[in-house]
Amino acid sequence: MTTTSTRTTGSIHSALPVERLTTDDDLFVRMEHALGLGVVNQCVWQLPTRLDEEAFARLGERLCAGRASRLVARRPPPIRDAWRYTPTAGSVEFFTDTVSPEDVAAWIDTQARFALNSVSGPSWRLSAAHSDGIGTYVSFTAAHAIGDGATLITAITEALSENTYDTDVEMPDLASDLSDGVKTAARAAHAAASSVVASLRTGLPRGSAHTQPEHARSRTTVTTAAPKSTGAATGTEPGLPPSVIVTVDREHASKIARERNGTPNSLFVGVMVGLLDKAGMASSGDIVPVSIPVSRHRNDDRRANATTGVTAHIRLDVNRYTDLSEIRDACKAAYRTLDAQPGPMAAMSTVAQALTDGAVRRLAGGMSTPLCVASNVGQVDPL
């Protein structure tokens, strides 16, 4: 749960909640502030018409008053950090210069490199520019800590539909902090003990029994990451991966997937594995562990990040596009693990939330990020 008290209505004495960060939220805050690996989500629109600047400004104002316009209020460990909503959390800019078709990718990359900070702000940025013709390009970037894909798209939809999001929350006081610190420390101790017991019971060495290319084990690809950088988006600077932007007809892709014993998602996963192949990070016959995020958001969910991950082990085969059934079956097997007991990563995240940034930095020294993340947002609101 993200709140330490319940939001109630209809009473003079109704108490405002203190919204605490989940372990998922904390993971991205620690990546950003303890490890220097800030993860940024970016949504881009290519509109066929010339967007009115006043309409754009109104959208920016709505976002400033919505669920995405929040910052992290750090608390001393083992107390969990809290959310504070503020209309000054974001950055909104409409460029006067037009963007030519050949410069679109560079413009998108420049927006992704805008410095975001989930603690001091800005934690998100909305920007737009007219194209050389009658169209408009719009970019929305946000620190992953303040929202996963589902949260950010919901925030945009709420702003477009003018749905009001209640940002009236309480900042933690001493009593709230003390209570939360005791509970967080207890959860961390229990998670650490459970992890040790599980390791003793299995007696298995750490790591996966599946093979993956030796040269790929030290490599990282995160599809939603936009590393902070001031250099040009050439893909040659350390930490700045190259970008691939592809436009696909949805109905045609779905038809192809069905004809080849798959689904749109299994086709998507196949393409992601294919990128590793073309990049020389995996070879034919390798079993590639593909991390697939799965949203656990509920209706009226106020959590910033509510995503769990499963790992599908995909065999890199030259016939993977001819017959998608093997990829589909591997994804199904991964989804069946969703209701299993929390794994070592979940236990580690629970422990980490009770520690200082310095301790998390030392703890994460020998850990690695997934070789491949296939994050499918799915169907979004027509707005």
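The following paragraphs describe the secondary structure, sheets and helix packing of a predicted model.

Residues are numbered from 1 along each chain as its sequence is written, and side-chain values use heavy atoms, with hydrogens and water left out. Because the model is predicted, local features need pLDDT of at least 70 and side-chain atom pairs count only at pLDDT 80 or more, whereas totals for chains, interfaces and linings use all residues.

The protein chain contains 10 helices and nine strands; these are DSSP runs numbered from the N terminus, with helices (H or I) of at least four residues and strands (E) of at least two. Of its 383 residues, 41% count as buried, that is, under 20% relative accessible area with a 1.4 Å probe and protein chains only. Among contacts (heavy atoms within 4.5 Å) in the protein chain with a separation of 6 or more, 74% are accounted for by residues 24 or more positions apart.

One open sheet is formed by four strands in the order E1-E6-E5-E4, with mixed pairing; two strands are taken to pair if DSSP finds at least two bridges between them. Strand E1 (40-47) and strand E4 (90-94) stand at the edges with a single partner strand each, so one side of each is left without a neighbour in the sheet. From one strand to the next, the twist averages 10°. E1 pairs with strand E6 (residues 136-143) in the antiparallel sense over eight bridges, and Val-40 stands opposite Ala-143 in E6. E4 and E5, in turn, pair in the parallel sense over five bridges, with Leu-126 in E5 as the bridge partner of Val-92. The chain passes from E4 through H3 to E5 in a right-handed β-α-β crossover, meaning that, with the strands pointing away from the viewer, the path from the first strand over the helix to the second runs clockwise.

Two helices were examined against this sheet. Helix H2 (residues 53-64) lies across E4, strand E5 (124-130) and E6, and runs at about 175° to E5; axes are lines fitted to C-alpha atoms, for helices over the stretch in contact, and angles run from 0 to 180 degrees between N-to-C directions. Helix H3 (residues 104-112) packs on the sheet and touches E1, E5 and E6, its direction making about 30° with that of E6.

A further open sheet has three strands in the order E8-E7-E9, again with mixed pairing. Its edge strands are E8 and strand E9 (372-373), each of which pairs on one side only. E7 and E8 pair in the antiparallel sense over nine bridges, and Thr-311 in E8 is the bridge partner of Ser-291.

In helix H8 (residues 325-335), the residues Ser-325, Ile-327, Ala-330, Cys-331 and Ala-334 are buried. Their cover includes helix H7 (264-278), strand E7 (287-295) and strand E8 (307-315). The axes of H7 and H8 come within 9 Å and cross at roughly 105°, which makes H7 roughly perpendicular to H8 (65 to 115 degrees; under 35 counts as roughly parallel, over 145 as roughly antiparallel and the rest as oblique). Asn-265, Ser-266, Val-269 and Gly-270 of H7 make the contact with Ile-327, Arg-328, Cys-331 and Tyr-335 of H8.

Helix H1 (residues 23-33) and helix H9 (residues 344-352) also have axes that come within 9 Å, crossing at roughly 75°; H1 is therefore roughly perpendicular to H9. Thr-23, Asp-26, Leu-27 and Arg-30 in H1 meet Met-345, Ser-349, Thr-350 and Ala-352 in H9.

How values were computed
Buried < 20%, exposed > 50% of the residue type's maximum accessible area, 1.4 Å probe, protein only.
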